[in-house]
Structure formats: C-alpha cells, structure tokens
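Reader: Hi! I'm in my first year and would love a close look at one part of this protein, with the whole chain as a warm-up.

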Amino acid sequence: MSQYLWYNQAMLTSPARLPRLDEDINLSERLSRMQGQEIGPSDVVKVLQNGGVKHVLVGAHAISAWAGDPRATIDVDLIASRPAQAKKVLSAAFPHLTVEEHPVVIRFKMNGREAIDVIRPTSSAIFKAALKHSVKVKIAGVLADAPQLEMALALKFAAMISITRQIKDKYQDAHDFIAMVQHNSRIDLSKIEAFGELVYSGGAKEILKLVEDAKAGRRLEF
C-alpha cells in the first residue's frame with residue numbers, strides 16, 4: 001500500500017472557521033455580483049444544503065481568498081458528493097439555467113456563459129479527497145465548506161498540469177499558486193506531499209518543488 005494512503009485518517013482538521021478567509025470569500029461574492037453575476041456561492045450553498053448534498057466550494061471564490069486577493073468570477077465551482085442529486089436540486093432552484101453533462105463536470109449556463117460547475121468527485125482522487133479536507137467559512141450568513149490551504153494548492157497544481165487546460169488558464173493557475181504560497185507563511189508540507197501524490201503518482205515531488213520555487217520567487221516550471 002502507498003505511504004500516502006494514511007492521509008484519509010491522519011490529516012482531518014478541526015472545523016474551526018477562519019475569519020480572514022470569510023471576509024475575502026464574501027468580498028469575492030460581492031465583486032462578482034457587481035460585475036453582473038446573478039448567482040453567488042451563498043445561493044448555491046443554500047440550495048445544496050437544503051438538498052442534503054455534501055460539497056466543498058472550489059474555483060476562484062475559494063482560491064483567490066486563500067491568496068489574499070479576492071476577485072470577481074463568472075461562475076461558482078464546487079465538488080459535490082452526489083452530482084446527480086446536486087443537478088436535481090440546482091435545476092429546480094435555477095430553472096432558467098441550461099445544463100450540460102461532461103465527464104468531469106455538470107455545467108450550468110446562463111445565456112451561454114458558465115454559471116455553476118458541479119465537479120464529479122469520481123473523476124479524480126484529489127477531488128474526492130477535497131470533500132474530506134475542508135474548513136468552515138461563512139458567506140452572506142451561510143456556513144459553507146472551502147478547501148484547506150494545502151488542498152487548495154493541490155487543486156491548483158492539478159489544474160496547472162492538466163493536458164486539457166488552455167495555456168492562458170494555466171498561467172492564471174500559476175499566478176494563484178504563487179500568491180497562495182507567498183500569502184501564507186504556514187504550509188503543512190506533509191499534507192502538500194500527500195495531496196500531490198493524489199494528483200498523480202510522483203506528483204508529491206513536483207508539487208513540493210513548486211512550493212519551494214514559489215516561496216523563493218523563482219519561475220514555476222510545470
């Protein structure tokens with residue numbers, strides 16, 4: 001058995017909330033609404049909680065908050081434990097959205113633009129693990145789950161090395177990865193190592209090198 005399989009039991013964190021993360025995710029939601037995004041993460045979280053769907057908020061809302069650089073984004077990204085149930089309750093709550101089924105995500109669109117991406121946890125071991133390694137945040141009065149810092153970095157790492165992701169998006173991923181590393185002085189490298197290995201076999205060594213380079217201000221090679 002891989003030495004990295006211990007993560008499931010040994011690395012669960014307390015559900016304590018992080019006030020600064022709360023503030024930045026709330027700012028990200030407000031900025032997005034100012035830019036015309038009608039559906040924010042708090043809206044989606046309410047629907048999923050009422051529908052009994054465990055989930056974790058990912059994407060720009062969560063990542064930019066960990067980077068200390070909250071920004072507007074056109075959609076809400078999350079990983080759902082039960083994608084089919086998430087699709088059902090979200091479709092009922094937002095009937096004006098069109099739905100597309102993809103291997104990795106269930107995508108909800110409004111006027112041709114992405115509004116909600118529901119990521120299937122079965123599509124990658126790192127997505128499945130993200131459901132278990134989260135912290136509590138409060139968005140517009142709603143208690144939600146966001147990825148732990150180390151998980152947020154691993155998710156960005158997965159995006160950076162994806163063979164299907166566009167180059168321009170990979171550069172944004174690298175920016176976010178560097179910003180998260182440089183904004184947070186306390187990073188648990190044992191978690192980074194284990195989560196990196198979940199991205200792909202051998203990923204532990206690569207993500208640790210990326211963290212080291214980001215800290216030192218060196219160019220990331222990925």
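Among contacts in the chain between residues at least 6 apart in sequence, what percentage join residues at least 24 apart? After that, please zoom in on the largest pocket: which residues lie nearest its centre?

Author: Sure! Just so you know, this is a predicted model, where local features need pLDDT of at least 70, side-chain atom pairs count only at pLDDT 80 or more, and totals for chains, interfaces and linings use all residues. Numbering starts from 1 along each chain as its sequence is written, and side-chain values use heavy atoms, without hydrogens or water.

Your warm-up first: 64% of those contacts (heavy atoms within 4.5 Å) join residues at least 24 apart. The chain has 10 helices and 7 strands (DSSP runs numbered from the N terminus: H or I, at least four residues, for helices; E, at least two, for strands). Its C-alpha trace spans about 45 × 40 × 35 Å along the principal axes. Of its 222 residues, 53% are buried, meaning under 20% relative accessible area with a 1.4 Å probe, protein chains only.

Now the pocket. Its volume is about 1300 Å³. On a 1 Å grid over the protein atoms alone, a pocket is an open set of points with protein on both sides within 12 Å along at least five of seven lines, and lining residues have an atom within 4 Å of a point. Points join across faces, edges and corners, and the volume is the space filled by probe spheres set on them.

Here, 37 residues do the lining, and Asp77, Arg107, Asp117, Ala159 and Arg165 lie nearest the centre. Who builds the wall? At least two lining residues each come from helix 4 (59-66), helix 6 (125-130), helix 7 (149-160) and helix 8 (167-183), as well as from strand 4 (105-110) and strand 5 (113-119). Sorted by class, the lining has 17 nonpolar, 11 charged and 9 polar residues (Ala, Val, Leu, Ile, Met, Phe, Trp, Tyr, Cys and Pro are nonpolar; Asp, Glu, Lys and Arg charged; the others polar, Gly among them).

Let's follow two of those helices. Helix 4 is largely enclosed by the rest of the structure, because 8 of its 8 residues are buried. That list runs Gly59, Ala60, His61, Ala62, Ile63, Ser64, Ala65 and Trp66. Just after helix 4 sits Gly68, with a positive phi of about 70 degrees. Over in helix 6 you'll find Ala129, which is buried at 0% relative accessibility. Ala129 is 81 residues from Leu48 in sequence, and their C-alpha atoms are 19 Å apart.

Helix 7 spans 149-160, and that gives us a link to another helix. Ile192, part of helix 9 (residues 189-199), is in contact with Glu150 and Leu153, and also with Ile187, Ile207, Leu208 and Val211, leaving aside neighbours within four places in sequence. Ile192 is buried too, at 0% relative accessibility. Helix 9 itself is mostly covered, with 8 of 11 residues buried, Phe195 and Leu198 among them.

Finally, strand 5 turns up again in the second largest pocket, where its 3 residues are the biggest share of the lining. That pocket holds about 230 Å³. Of its 13 lining residues, Gln35, Gly36, Gln37, Ile74 and Arg113 are the closest to its centre. By class, its lining has 6 polar, 4 nonpolar and 3 charged residues.

Technical notes:
1 Å grid on protein atoms, 1.4 Å probe; cavity = no way out; pocket = protein on both sides within 12 Å on 5 of 7 lines; lining within 4 Å. Buried < 20%, exposed > 50% of the residue type's maximum accessible area, 1.4 Å probe, protein only.
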